[in-house]
Each structure stands twice: as C-alpha cells, then as structure tokens.
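Trainee: Please pick one small part of this structure and take me through it slowly. After that, I'd like to hear what else is going on in the rest of the fold.

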Amino acid sequence: MILEKLKADTFEIHKEVEKDNLAKFIMDESITQTQYEILLRQNFKVYKAVEDFVNSHYDILPQELKAFTGYEKTNRLAKDINSFSNLPLPQPYKIASNRDLATVIGLLYVIEGSMLGGMMMSKKIQSCAHLSHIDTHHFYHSNVKESAARWKNFKAVLTSITFSDQESENAVASAMKTFSLFQESYKSKNI
C-alpha cells in the first residue's frame, strides 16, 4: 500500500527535517517572534513551490485529488508573514520533476501530512509567551477537526488508487525530494 511505503521509506529524512526545524521552539513554547517569522518564511518557500507544481499538473489528477490543489497553505502563510512586515514574500524554490501522478502524490503526501504536525503546533502556539500578542495564526490555525478530516480524505483517495512498483518508487522519490527542500530551507540563511 502506497501510504505505508511512503511513511516507511521517508521516515529517516522526516526525522532529520524535524531536527532542523524552528517549530521545535513552538513545541517547547520558547519561540520568539523573530524565530516565528523566519519559520513562516522558510515554510513559504517550500509550500509555494509544491503548490505551484501541483496546480500546474491539475489536468493529470484524478477528480478525487483535485480537492487537494489550490493555494490554501501558501495563502495562510502569506497572511501570517504579511502581518509582521512589509518585506516581500520569499521566492519559492523551483521544482523540476517528472510530469506524472506518482510525483504529484509524493509532493502532496509531504505537505498534507505536515498539517498533522501543524495540528499539534496549533495547540502549543497558544502557550508561547513571545507570540501571545498575535490574535490569529492563519497557518498554525486551531481547526483540528478540519485538518484531521482533510488528512483522512487524502488517505482514502490514495488507498483507492492502484500504483505499480515503479509508480510507488516515483512517489517515494518525489516525497524524499520534498523533504530535502524543507531541509534546505530550514538550514538556509537566505529567507
């Protein structure tokens, strides 16, 4: 099954990415506003790139996956970033990859799955003293039911699609590249 393969084959890089991520300071409630702004900008560079790629391949998606296109995550990040400063939004990465469904699945797996971690952070962010003056967090929002339902729907769609061994490998390779983009962004000094 594709979900189990994606989870198992990306486990190590997923763990590595989490180590470099400023979100750990949300989890321990010590994040400063500057760190939070950097985190949002780092995330924007990757989410915008992924959403650009996925949306540009809309025509190859089965109807059930089209519900996962658009710029929902990017728009939420942009709202948060723009609430702090007048700096231009960061330039997204460019994703050069295959034009096939398996590649899109790998990309979507990472950003849809990341919202599960976002659910945990949305609860913790309310206790971060340095962010207590922020009334609304758009990206790390607290609608846990909505995020959980979206992930459940995404998993159901993936379960309904049959993947060949090669397509499964392509999906994993795409997910690995996406995790690598997050890793690069979290290490980047250029935000």
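Mentor: Let's go with Ala-23, which is in contact with Leu-39 and Met-121 once you leave aside its neighbours within four places in sequence. Contact here means heavy atoms within 4.5 Å. Before we go on, this is a predicted model, where local features need pLDDT of at least 70 and side-chain atom pairs count only at pLDDT 80 or more, while totals for chains, interfaces and linings use all residues. Residues are numbered from 1 along each chain as its sequence is written, and side-chain values use heavy atoms, with hydrogens and water left out.

Back to our residue. Ala-23 sits in the loop between H2 and H3; the helices (H or I, at least four residues) and strands (E, at least two) are DSSP runs, numbered from the N terminus. Its relative accessibility is 5%, so Ala-23 counts as buried. Buried means under 20% relative accessible area, exposed means over 50%, and partly exposed is in between, with a 1.4 Å probe and protein chains only. As for distance, the C-alpha atoms of Ala-23 and Lys-177 are separated by 20 Å, and the two residues are 154 apart along the chain.

The helices on either side of that loop bring us to the largest pocket, with a volume of about 790 Å³. Its lining has 31 residues, and His-14, Glu-18, Gly-113, Ser-114 and Gly-117 are the ones nearest its centre. Two or more lining residues come from each of H1, helix H2 (11-20), helix H3 (24-27), H4, H6, H7 and H8. H6 gives the most, nine residues. By class, that lining has 17 nonpolar, eight polar and six charged residues. For the classes, Ala, Val, Leu, Ile, Met, Phe, Trp, Tyr, Cys and Pro count as nonpolar, Asp, Glu, Lys and Arg as charged, and the others, Gly among them, as polar.

You'll want the rules for these spaces. On a 1 Å grid over the protein atoms alone, a cavity is a set of points where a 1.4 Å probe fits but cannot get out; a pocket is an open set with protein on both sides within 12 Å along at least five of seven lines; and lining residues have an atom within 4 Å of a point. Grid points are joined across faces, edges and corners, and a volume is the space filled by probe spheres set on the points.

H1 deserves a look too. In helix H1 (residues 2-9), Ile-2, Leu-3 and Leu-6 are buried. They cover an arc of only 100° around the axis, so they are on the same side of H1; the arc is that of the directions from the helix axis to the C-beta atoms. The buried residues of H1 pack against H6, H7 and helix H8 (165-187).

Now for the closed spaces. The whole structure has three cavities of 30 Å³ or more, and the largest has a volume of about 100 Å³. Helix H5 (72-84), H6 and H7 each supply at least two residues of its lining, with H7 giving the most, four residues. That lining has two nonpolar, two polar and six charged residues, and Trp-151 is one of them.

Trp-151 also takes part in one of the nine aromatic pairs found across the structure. Rings of Phe, Tyr and Trp (its six-membered ring) pair if their centres lie within 6.5 Å; planes under 30 degrees apart count as stacked, over 60 as edge-to-face and the rest as tilted. Take Tyr-36 and Tyr-140 to begin with: they form a tilted pair, 6.4 Å centre to centre with 40° between the planes. Tyr-36 lies in helix H4 (residues 33-56) and Tyr-140 in the loop between helix H6 (101-124) and helix H7 (144-160), so this pair ties together parts that are 104 residues apart in sequence. Both of these tyrosines are buried. The rings of Tyr-109 and Trp-151 have centres 6.1 Å apart and planes at 55°, so this pair is tilted. It links distant parts of the chain, since Tyr-109 is in helix H6 and Trp-151 in helix H7, 42 residues apart. Tyr-109 and Trp-151 are buried as well.

One more stop on H6 is Thr-103. At 1% relative accessibility, Thr-103 counts as buried. Not counting residues up to four places away in sequence, Thr-103 touches Phe-53, Ser-97, Asn-98 and Ser-174.
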